[in-house]
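Trainee: I'm new to this one and keep tripping over the labels. Could we go through a few and see what stands behind them?

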Amino acid sequence: MPHFAKPAEGSWTEHYPQLSTGPVSYEDSISPEYYERERKAIFAKTWLNVGRVEQLPRVGSYFTREIEAAHTSIVVVRAADQQVRAFYNMCRHRGNKLVWQDYPGEESNGTCRQFTCKYHGWRYSLEGDLTFVQQESEFFDLDKDDYGLAPVRVETWEGFIFVNLDASGTTSLREYLGELGQGLEGYPFGEMTQVYKYRADVGSNWKLFIDAFAEFYHAPILHAHQAVSEESQKLAGYGYEALAYAIDGPHGMVSSWGGMSPPKDLNMVKPIERVLHSGLFGPWERTIDIDLPPAVNPARSKAWGIDSFLFFPNFMLLVWSPNWYLTYHYWPTSYNTHIFEGTLYFVPPRNARERLQQELAAVTFKEYALQDGNTLEATQSMLESRAVTQFPLNDQEILLRLLHTTGREYVAQYEDVVATTS
Ligand code: FES
Ligand SMILES: [Fe+2]
């Protein structure tokens, strides 16, 4: 059961004995061999968010995703029956990657009536059926029914499209997302279709960037020059206390007060924020009214600013009090590199001023994210030196404990099953 209130006594972390309070090893972030184990135990086994339904507006809309952690590429498409389907992006003739534009390693999207392989022209319907074989009579007993595209499990939750590369898995997406996911249902994600997206190659293990976004301990220091001094002091000098943390199975969240939307004193913010009424926390004026579902601002605090949900393994969903949301994805490309994606979603602007408010929030976010990203390679390189191997984490870093503990549990459980079945 998630906890939604500050425990009467002790720290948050002590209420989750499975997380312990001892120092933590970061061997899981610096070992090529461990990364190979994570690939099999985590990225080939769990539900991975690959996009939103708005990316597939009509029959034949598709996008591809390169999932390097699983050494594969998939294509996600809206089929003729309006259902979202996913397939391995691979021709059944001789294995050519089926959907790509100029460069096979680059993701692509568009709309089509069918998929045609660039190599020998085999064609597949939007449902994945093989419909045409060039010079079919030259093959030997070829039954086209046997050569449809290899399907990938795909389910949607609140408009988020997830795939699961484990064909034998039985846990539904909704069940996997648990009480935290269910507690978010009803939030109007589908109304927030104005999208601003950043993507970056980062020279660190994927978990290190999640660490950087899953605690506020660094905020008054790393972002010192961004925040006004009064906010910094509240965070550091008086001791930061979250409104709530919740942990449910592999997933967790932190609910935080804060933000300057609008600030009590306009002198607290930069001139452009004063003019546009916007900043990191987004436009100060809300353009829609939202009845918050139970998992959002669970403490129902008036000072609420932002909730950060961490859905294992690599998807974060941030709900901001001025009625917009943000997603983070961390796609490993090796044990010490990953692709980071940060995507902001707003209700479409009704006029130029609202558009500028959103643009200001998006560039302010980028500034913070660059600061967050700035320490990662420095941390990765020193962790790899193994000069020190155990690290103390404080109570604000509880979601980091959760992430690393959960990862190790997945690897151990997977290897137990493999050992007992082989
Ligand atoms: S590999 Fe696709 S048609 Fe030959
Ligand atoms: Fe940060």
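Mentor: Sure, let's take one residue and then one strand, remembering that this is a predicted model.

Trainee: Why is Asp395 called partly exposed?

Mentor: Its relative accessibility is 24%. Buried means under 20% and exposed means over 50%, so Asp395 falls in between and counts as partly exposed.

Trainee: Where is Asp395 found?

Mentor: Asp395 sits in the loop that links strand E19 (390-391) with helix H9 (398-421). Leaving aside residues up to four places away in sequence, Asp395 touches Ser11, Trp12, Thr13 and Tyr245.

Trainee: What makes the pair of side chains from Asp395 and Thr13 a polar contact?

Mentor: The two side chains come to 2.4 Å, and the cut-off for such a pair of N or O atoms is within 3.5 Å, so the pair qualifies as a polar contact.

Trainee: Now the strand. Why is E17 described as largely enclosed by the rest of the structure?

Mentor: Strand E17 covers residues 324-334, and 9 of those 11 residues are buried, so the description follows.

Trainee: How do you know that E17 pairs with E16 and with E18?

Mentor: Pairing takes at least two bridges. E16 (residues 315-320) is joined to E17 by 6 bridges, and E17 to E18 (residues 337-346) by 9, so both count as pairs. Each pair runs antiparallel.

Trainee: Which residues face each other there?

Mentor: Leu318 is opposite Leu326 of E17, while Pro332 has His338 in E18 as its bridge partner.

Trainee: What joins E17 to E18?

Mentor: A hairpin, through 2 residues. E16 and E17 also form a hairpin, with 3 residues between them, and Asn323 in that turn has a positive phi of about 65°.

Key
Residues numbered from 1 in each chain as written. Chains lettered and ligands numbered in written order. Predicted model: local features only at pLDDT ≥ 70, side-chain atom pairs only at ≥ 80, totals over all residues. Heavy atoms only, no water. Helix = DSSP H or I, 4+ residues; strand = E, 2+ residues; numbered from the N terminus. Buried < 20%, exposed > 50% of the residue type's maximum accessible area, 1.4 Å probe, protein only. Contact = heavy atoms within 4.5 Å. Polar contact = N/O pair within 3.5 Å; in protein donor to acceptor, adjacent residues only side chain to side chain.
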